[in-house]
Structure formats: structure tokens, C-alpha cells
Amino acid sequence: MKIGNNIDKAEIVHKTLYNKERFLIKLAEMHTSNKYSAHIMQDLPNEFEYAVLKSMVNKALSDPMIRQERRTALEEVIWLADSFYDLQFKHDSDITERVIFPISDSESRGIEDARFVRFVDDDKSERIIATYTAYNGHTILPKLISTEDFYSFRVMPLHGAGAKNKNLALFPRKIKGKYAMLSRIDGVNNYLMYSDRVTQWDNPVMLQEPRYPWEFTQIGNCGSPLWTEEGWLVITHGVGAMRRYCIGASLFDLDDPSKEIGRLKEPLLSPLEDEREGYVPNVVYSCGSIIHNNSLILPYAVSDYSSTYAVVDMVELMDALKKSKS
């Protein structure tokens with residue numbers, strides 16, 4: 001595959017109209033002080049324009065006597081508004097040249113751990129969807145990005161009690177008419193949740209908790225579940241002693257993913273001796289994998305300094321997962 005010689009930076013289009021009720025709910029989830037944001041929000045209609053909000057906040061921020069607590073709250077209001085946007089790449093650009101850079105203040109220190117999945121809806125329409133973590137140096141915001149053609153991308157934050165922390169990963173299809181998502185809202189355990197809307201996530205139910213020594217500190221997903229005839233294959237990561245990250249695997253029922261069919265007792269992949277040194281040492285980590293020619297193709301990062309991939313025989317993996325219950 002030929003690689004382009006240039007980088008195409010997308011045109012940015014901010015959302016122009018916001019729902020006040022949903023906007024207030026997200027501010028509350030972000031723990032933005034209502035004491036300082038209320039006087040701005042109370043004067044806005046139920047559907048308000050971005051330009052009106054930005055003008056009101058800028059006017060308030062121009063006060064030379066403004067207190068730092070109020071400034072922070074008002075900046076977070078704009079921070080949230082700027083988190084909704086569309087990206088448009090030029091149609092004469094090569095796909096290898098299209099790069100998505102941090103856009104809003106919420107992403108100023110990084111767009112992290114994107115978990116991409118090809119989502120097939122009930123009407124057979126397809127989209128490429130990814131959940132990722134926006135980071136500004138002190139606060140994270142779970143976000144979603146979607147595209148149908150890799151030219152136009154829609155970006156928006158995720159809402160709800162389950163849209164917290166990192167590690168959100170969308171199932172590649174609906175289950176019984178609802179979107180399904182994995183998450184790790186408490187930073188320790190794996191959760192499962194369902195929703196009628198792809199951006200609204202509530203009522204998370206614990207799916208897995210640390211069980212084996214190599215994952216005693218925490219367990220989470222390594223990307224969206226993979227459909228197999230035997231069940232949903234979920235590649236997991238586990239953190240054990242000395243903050244050692246390993247990669248494992250679990251299998252869940254296709255119709256009811258809350259039912260675990262099997263779970264590897266030992267890691268599928270552990271840091272090798274020459275993989276332990278790096279920016280974040282003693283870590284192997286992945287944000288997604290695919291099944292190709294009856295093999296699991298597993299890209300992974302090595303201690304945050306390089307990346308590589310592993311190939312796992314699916315027959316052997318499935319056999320090990322099914323035997324793990326016995």
C-alpha cells in the first residue's frame with residue numbers, strides 16, 4: 001500500500017445548536033460547579049446556539065475581578081460545548097494522509113486509547129465507530145467518533161452514569177434491539193451496559209472482577225468484542241503485582257453477554273524480557289484485534305515505546321476458553 005507524502009488537516013465544524021437539558025446533565029456529570037455556571041445557563045432557551053453561549057461566557061470571563069473558581073467553571077462550559085464537532089477531509093487526499101489531531105480544549109493533552117469497531121445496524125447499514133478518551137491534563141472525557149466514508153467524521157461526548165472513566169468499547173452490533181457497551185467505570189472491574197442511544201449510557205452491571213493474580217489490581221477490555229460462532233470473544237487486560245500489564249481472553253454468550261462461557265486462567269500475552277523497558281515499563285496493551293483466516297490478529301503496544309502484533313490460532317484459543325470452565 002502506497003503511503004501519502006502529506007498530512008491533510010481536516011476542516012472543523014462546531015455544532016451550532018444544543019439541547020439545554022442534556023447539556024446541564026453532562027455538566028453535572030463533569031462536576032462543574034453549578035454555583036458559577038447557573039447564571040449563564042438559566043438565561044439560555046431550551047435549544048441554544050453555540051455563538052450565543054460563547055458570547056455570554058466570554059463577556060463573563062472578561063471581568064478583571066473574576067474569581068478563579070468561577071473562571072474554571074465557565075471555561076468548563078465552553079470546554080463541553082467545544083467537544084461536539086464534525087471533521088471534513090478533502091476528497092482528493094489519500095487515506096494515509098488524513099490525521100485527526102486534538103481539536104477541543106478537552107483533548108488538549110491527548111486523544112487516547114481509541115477502540116474502533118465496524119458497527120452493523122439492524123438495517124444492515126454500516127458505520128465505523130470508536131470510543132476514545134479525551135484528556136486535558138487533569139480531566140478525562142469519554143467521547144465517540146463515527147464515520148461512514150473516512151472523509152467525514154462526527155465527534156461528540158458520551159453521557160450517563162456509565163460514561164465515566166476509561167475503557168469503553170462498543171459491541172459491533174445491537175443485542176436484542178439495543179446498543180451494548182463494555183466499560184470500566186470504577187477503574188477496577190469490567191462492566192456491561194445497554195442503551196437505545198449510542199451516546200447515552202446508564203445502569204452498568206458488573207461483568208467481571210479480578211480473579212487471578214496477574215489481574216488482581218484491575219481488569220478491563222482490550223477493544224470491542226469479536227463475534228464468533230462460539231460466543232463473543234473479549235480480549236482483556238489485567239494489571240497485577242508491580243503494575244505488570246498482561247493480555248487475557250474471555251468468551252461470553254452471544255444472546256446474553258452477561259453469561260461467561262470461559263476465561264483464560266493464565267495470560268494470553270505477557271511482557272517479554274526485552275519488552276519491559278520503555279516510557280511506561282512492564283506493559284503489553286491493545287485497543288482492538290480482528291479475526292482473519294481463523295487466526296486472531298492482535299496488535300499491541302510494548303511499554304509505550306513501540307508496537308507489534310501477535311497471531312493466535314482461533315481453534316486452540318476457543319478450545320482453551322471452553323476447557324477453562326471445567
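Two strands count as paired if DSSP finds at least two bridges between them. The legends below describe a predicted model.

**View 1. Strands β12 and β13 pair in an antiparallel fashion.** Strand β12 covers residues 179-183, and strand β13 covers residues 190-195. The two are joined by 5 bridges. Across the pair, Y179 stands opposite S195 in β13.

**View 2. An open sheet holds 4 strands.** The strand order is β11-β12-β13-β14, and the pairing is antiparallel. Strand β11 (169-170) lies at one edge and strand β14 (205-208) at the other. Each of these edge strands pairs on one side only. Strands of a sheet pair through backbone hydrogen bonds, either parallel or antiparallel.

**View 3. I185 sits in the loop between β12 and β13.** I185 is partly exposed, because its relative accessibility is 23% and that class begins at 20%. Beyond its neighbours within four places in sequence, I185 touches A161, G162, K164 and N165. Y191 and P204 are also in contact with I185. T228 is 43 residues from I185 along the chain, and their C-alpha atoms are separated by 26 Å.

**View 4. Helix α3 packs against helix α4.** Two packed helices are described by the angle between their axes and the distance between the axes. Here α3 (residues 50-61) and α4 (residues 68-81) meet at an angle of about 160 degrees, with axes 10 Å apart. That angle makes α3 roughly antiparallel to α4, because the class takes angles over 145 degrees. The crossing of α3 and α4 is left-handed.

**View 5. Side by side, α3 and α4 share a contact.** From α3 come Y50, L53, K54, V57, A60 and L61. They meet R70, R71, L74, E75, V77, I78 and A81 in α4. The residues of this contact divide into 9 nonpolar and 4 charged, with no polar ones.

**View 6. K124 has a positive phi.** Most residues other than glycine have a negative phi. The phi of K124 is near 75 degrees, and K124 is not a glycine. K124 lies in the loop between β7 (110-120) and β8 (126-135). K124 counts as exposed because its relative accessible area is 65%, and the cut-off is over 50%.

**View 7. N294 also shows a positive phi.** The value for N294 is about 60 degrees, although N294 is not a glycine. Its place is the loop between β21 (290-292) and β22 (295-302). With 44% relative accessibility, N294 counts as partly exposed.

Technical notes: Residues numbered from 1 in each chain as written. Predicted model: local features only at pLDDT ≥ 70, side-chain atom pairs only at ≥ 80, totals over all residues. Heavy atoms only, no water. Axes fitted to C-alpha atoms, helices over the stretch in contact; angles between N-to-C directions. Parallel < 35°, antiparallel > 145°, perpendicular 65-115°, else oblique. Left-handed = near helix turned anticlockwise from the far one by under 90°. Contact = heavy atoms within 4.5 Å. Nonpolar A, V, L, I, M, F, W, Y, C, P; charged D, E, K, R; others polar. Buried < 20%, exposed > 50% of the residue type's maximum accessible area, 1.4 Å probe, protein only.
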